[in-house]
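Subject: Structure handover

Hi,

Here is the structure I said I would pass on. Have a look at it first, then read my notes below.

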Amino acid sequence: PTSEHPHQGRLQGIGSIRRNRPFLILLSAYTIAAVGSNLPAALILYYVEYVLGSSLANLFLMIYFMTGIVFMPGWIVLSRRAGKKQAWLTAIFINTAAFLGVYFLGPGDVWAYGVLVFLSGIGFGGALALPSSIQSDVIDYDELLTGRRREGLYIGLWSVSKKFAAAVGVGTGLTVLGMTGFEPNVVQPERVQWALRVLYALVPSLCNIIAFIVAMAYPIDQASHESIRAGIEDRRANRPARDPLTNTWIHLDEAEEVRDGMDGDAECLQC
């Protein structure tokens, strides 16, 4: 009911997210990795034609996406057995290893590229789905801290991050490629081919490595998430709840003070 969830100002709502450290880690790692993944998405046609000297880009794209779809159930199973974080880190590792190999390919290495595309497709499904699944866990943690369900706020920030990563990845890749002297439909000089290999393979790999390091700090595992859910139930029953990540107790009077402060700021924003 609306009466139980007073309006909260947008700026205050976004500001309160700084308390949700797991979400900040997740969003940072996802955005960095997404910037890298948008580079090969924008440059694959150029790489296949002007570096490998092949016209099979459409076939490679089909292999990539079909492999991601076929292996998606495997990532679900792995995430249930090893945890979402470990499954996500594994997906990042596979993608990174595959793209590092792509850097060393050259004209005529079509079959080797196909194998690496297949391997990166395996990681693609996990890297695409698992961060969104992890997002539901950090939204639960936010409810434990604030007593609110704010899926809209978190999904909105997630969408902004995806668009930002696409703009940076595609914009940077095509701009740098143009600066190296790229001209379509002609044989490319060595510097352009080198730039394509760097932008298509090395930069995404570097982004993945940074994202991997950041994601390692993500603190919510299956056990702590179960404790978070138990804490949410305690709060709904008007009992003090324990924060499993900081090992501190969240008392209802403190939560009400936080909520009242949010609502007071919201009224000021409306005025």
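Before anything else, a word on naming: helices (H or I, at least four residues) and strands (E, at least two) are DSSP runs, numbered from the N terminus. By that numbering, N247 sits in the loop between strand 1 and strand 2 (248-250). Please keep in mind that this is a predicted model.

**Overall layout**

The chain has 10 helices and 2 strands. Going along the sequence, the order is α-α-α-α-α-α-α-α-α-β-β-α. Of the 271 residues in the chain, 45% are buried.

**Two asparagines with positive phi**

Back to N247: its phi is positive, about 60°, although the residue is not a glycine. With a relative accessibility of 56%, N247 counts as exposed. N238 is another case, with a positive phi near 60° in a residue other than glycine. You'll find N238 in the loop between helix 9 and strand 1 (241-243). N238 is exposed too, at 61% relative accessibility.

**Salt bridges**

As you know, side chains of opposite charge can pair when their charged atoms come close. A search of the whole structure turns up 9 salt bridges. Here are some that I looked at.

D140 and R229 meet through their side chains in a salt bridge, at 3.1 Å from N to O. This pair ties together distant parts of the chain, with D140 in helix 6 and R229 in helix 9 (residues 222-236), 89 residues apart. What about cover for the two partners: is D140 buried or exposed? D140 counts as buried because its relative accessibility is 7%, whereas R229 is partly exposed at 29%. Both residues also belong to a network of salt bridges that links D140, E143, R149, E151, R229, E233 and R236.

D142 pairs with R150, and their closest N and O atoms are 2.7 Å apart. Here D142 is buried, with a relative accessible area of 2%, and R150 counts as buried at 7%.

D234 forms a salt bridge with R239, where the closest N and O atoms are 2.7 Å apart. D234 counts as partly exposed at 21% relative accessibility, and R239 is also partly exposed, at 42%. The D234 value falls in the partly exposed class because buried means under 20% relative accessible area.

**The end of helix 6**

T146 lies in helix 6, which covers residues 110-146. Which backbone atoms does the side chain of T146 reach? One is the backbone oxygen of D142, at 2.8 Å. Another is the backbone nitrogen of R148, which lies 3.2 Å from a polar atom of the T146 side chain. T146 itself is buried, with 4% relative accessibility. So D142 turns up twice in these notes: its backbone oxygen is reached by T146, and D142, buried at 2%, is the salt-bridge partner of R150.

**V117 and L61**

V117 is also in helix 6. At 5% relative accessibility, V117 counts as buried. Its C-alpha atom is 8.3 Å from that of L61, and the two residues are 56 apart along the chain.

**The largest pocket**

How big is the largest pocket? Its volume is about 790 Å³. The lining takes in 34 residues, and those closest to the centre are S37, N38, A41, Y64 and F124. Two or more lining residues come from each of helix 2, helix 3, helix 5 (84-103), helix 6, helix 7 (151-179) and helix 8 (190-215).

**A nonpolar patch on the surface**

Last item: L56, L59, M62, M66 and I69 make a nonpolar surface patch of about 470 Å². L56 is in the loop between helix 2 (21-50) and helix 3 (57-70). With a relative accessible area of 36%, L56 is partly exposed. That is enough for L56 to be in the patch, because patches are made of residues with over 30% relative accessible area and no salt bridge.

If you open one view to start with, I'd suggest the salt-bridge network that includes D140 and R229.

Cheers

Terms used:
Residues are numbered from 1 along each chain as its sequence is written. This is a predicted model: local features need pLDDT of at least 70, side-chain atom pairs count only at pLDDT 80 or more; totals for chains, interfaces and linings use all residues. Side-chain values use heavy atoms; hydrogens and water are left out. Patches are made of residues with over 30% relative accessible area and no salt bridge: like charges are joined within 9 Å, nonpolar side chains (Val, Leu, Ile, Met, Phe, Trp, Tyr) within 5 Å. Accessible areas come from the Shrake-Rupley method with a 1.4 Å probe; for residues, only the protein chains shown count as cover. A salt bridge is a side-chain nitrogen of Lys or Arg within 4 Å of a carboxyl oxygen of Asp or Glu. Buried means under 20% relative accessible area, exposed over 50%, partly exposed in between (1.4 Å probe, protein chains only). A polar contact is a pair of N or O atoms within 3.5 Å; within protein, one must be able to donate a hydrogen and the other to accept it, and residues adjacent in sequence count only if both atoms are side-chain atoms. On a 1 Å grid over the protein atoms alone, a cavity is a set of points where a 1.4 Å probe fits but cannot get out, and a pocket is an open set with protein on both sides within 12 Å along at least five of seven lines; lining residues have an atom within 4 Å of a point. Grid points are joined across faces, edges and corners, and a volume is the space filled by probe spheres set on the points.
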